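Me: Please take me through this structure one question at a time, with the reasoning set out before each result.

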Amino acid sequence: MNNSLGNISTIAKRELSAYFASPVAYVFIVIFLLLTGFFTFMVGGFFERNEANLVSFFLWHPWLYLFLVPAVGMRVWSEERRQGTIELLMTMPITPWQAIMGKFLASWAFLALALLLTFPVVVTVKYLGNPDLGVVAGGYIGSFLLAGAYLAITCLTSALTRNQVIAFIISVVVCLFLILAGWPPVTNILTKVLPDNRWIVELVSAFSVMTHFEDFQRGVVDSRHLLFFLSVIGFSLFSTSVALRSLRS
Amino acid sequence: MIKVENLTKTFGPKVAVNDVSFTVARGEVLGFLGPNGAGKSTTMRMVTGFLPPTAGRVTIGTHDMLEDPVPAKRLIGYLPESAPCYSDMTVHGFLSFAAEIRGLRGDAIKTAVHRAVEMCFLENVLHQSVDTLSKGYRHRTCFAQSIIHDPEILVMDEPTDGLDPNQKHEIRQLIKRMGEKKAIIFSTHILEEVEAVCSRAIIIDRGTVVANGTPQELKRKAPNAGAILIRVNGVAAEAVTGKLRAVDGAERVQLVKDENGTVTARVFPKSSSNGEFGKAVGAAAQGWRVEELHIEEGKLDEYFRSITASDTAKK
């Protein structure tokens, strides 16, 4: 057990250092912060709302992550395959599962760092008003889990191809589906088309990250939503291990 | 140390490796020969646990590679064919990572990296990023990675590919030295390398083992091995071949060259012939101006060509 944690952390350390060895990490963080700022204050109408909360901040996260998370995760396995280093990694005395976890956790930690660097938004709202910090924390937890779900999906698509661009595009499409399935404009159309089968609409929207992210934004950390995100992550990572195994046989 | 039994690998309808078996003991250096696409790399990938075999079994030390992969992999150092390295790391960072993932910690990492760097002559590029390295340095960096934990078993896929003659020599010496204490498999298509380094060689063609023996044994099986080559000046070619054909124990005579009055011919002995054959040829040559007369040792590449089918050869 101890050994396996050691292996995971060795992989994760290497993966994290790979992010910061190139400008990718810095470019990503700067763009992420600029975009969150722009959407929160300019598009989201933070000041016009005149409310001491971060609704206009978290509102945009599913859409921002849609492009930024696949950009972070697309190289995780495809680069390994393209360079041939997967042959080294898979002949090291570690299990594939340890490699998958190490890589995923490193990228997730990187996204968490980018997310934590948005703290000036919290400082601003705290300075201007008296926000409920519990609600803010709930939003952050939800946003972190959302990023993890997108990332796990990107890990899977990245394991399926040695081409990063293809991995990026497929992940965006899958994540877009997860957004749209519960996005009111889409669910409204579904309700109109299937007026007698509300359960289908509910089933589809239950797969959406929007449905599950909403409660977090209100500060509610519901175990059902927690379970949803964790099972998306678990399922995607398990599929990654299947994809990696089939690729070697 | 390495035991491979009836290893088979198919990719769809294509059989890449077919029923390959061999063993490598400690202190042995096994050379893996074969034309391109013969299944050398696929076999090595199965030995190192990268590819699962379709059928058959690989045992490393006492561990079965399929059932007990982690302890089995711990015993192996592996240099893959293209010598892949994480190009975003420095040489030092890459080797430290390799040492850590191999289970070394703290000072042991420093010692191991230092040792590998010294053995592979990497001091000059230690803090350089891998993607700025020349091919030779890249190759040696990956080589250093494979010996970082001083493994008992080394599997190397074309370890001297892409190196300059000096580096080739260094690496060969290194393999030979390490071969005294370890079990080593390496593939190559440079045949002189096999003679220089290997204690045993396997020739693989179209996925099956077609020859297995010491380089000397294999050389003896070459078509020209045991034949006597004679070069005579001032005698007509017909006279030379005619007289040689009459030698007791001669199977056939081959005229190699007839140029400017110098005739070169090769006499093949019957398989039953013995040491007397050389003397008989010598006696037949009495009275000729003999410039050269020797028993041919046989060449590994002749043997290689005689038993492997090349896709460039036209039948």
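**Backbone, helix pairs and cores**

Me: What is the exposure class of B:Phe121, which has 15 other C-beta atoms within 10 Å?

Reply: A residue counts as buried if 20 or more other C-beta atoms, placed from the backbone, lie within 10 Å of its own, as exposed if 12 or fewer do, and as partly exposed in between. With 15 such atoms, B:Phe121 is therefore partly exposed.

Me: For the record, this is a predicted model, in which local features need pLDDT of at least 70 and side-chain atom pairs count only at pLDDT 80 or more, while totals for chains, interfaces and linings use all residues. Residues are numbered from 1 along each chain as its sequence is written, and chains are lettered from A and ligands numbered from 1 in the order in which they are written. What phi does B:Phe121 have?

Reply: Most residues other than glycine have a negative phi. B:Phe121 lies in the loop between helix 4 (107-119) and helix 5 (135-146) of chain B, where helices are DSSP runs of H or I with at least four residues and strands are runs of E with at least two, numbered from the N terminus. Although not a glycine, B:Phe121 has a positive phi of about 55°.

Me: Which element holds B:Asn6, and is B:Asn6 buried or exposed?

Reply: B:Asn6, also not a glycine, has a positive phi of about 50°, and its place is in strand 1 (residues 2-11) of chain B. Because 12 other C-beta atoms lie within 10 Å, B:Asn6 is exposed.

Me: How are helix 8 and helix 15 of chain A oriented to each other?

Reply: With axes fitted to C-alpha atoms over the stretch in contact, and angles running from 0 to 180 degrees between N-to-C directions, helix 8 (residues 96-116) and helix 15 (residues 223-247) of chain A pack at about 130°, their axes 10 Å apart. Angles under 35 degrees count as roughly parallel, over 145 as roughly antiparallel, 65 to 115 as roughly perpendicular and the rest as oblique. That makes helix 8 of chain A, relative to helix 15 of chain A, oblique.

Me: What is the relation between helix 3 and helix 5 of chain B?

Reply: These two helices pack at an angle of about 25°, with axes 9 Å apart. The angle is why helix 3 and helix 5 of chain B are roughly parallel.

Me: Which helix gives the most residues to the largest nonpolar core?

Reply: A nonpolar core is a set of buried Ala, Val, Leu, Ile, Met, Phe, Trp, Tyr and Cys residues joined through C-beta atoms within 7 Å. The largest has 129 residues, and those with the most contacts inside it are A:Ala149, A:Ala152, B:Leu95 and B:Ile185. With 12 residues, the element that gives the most to this core is helix 10 (residues 133-160) of chain A.

Me: Is B:Val253 buried or exposed?

Reply: B:Val253 sits in strand 12 (residues 250-259) of chain B. Setting aside neighbours within four places in sequence, B:Val253 is in contact with B:Thr241, B:Leu244, B:Arg245, B:Ala265 and B:Val267, where contact requires C-beta atoms, placed from the backbone, within 7 Å. Since 21 other C-beta atoms lie within 10 Å, B:Val253 is buried.

Methods:
Two residues are in contact if their C-beta atoms, placed from the backbone, lie within 7 Å.
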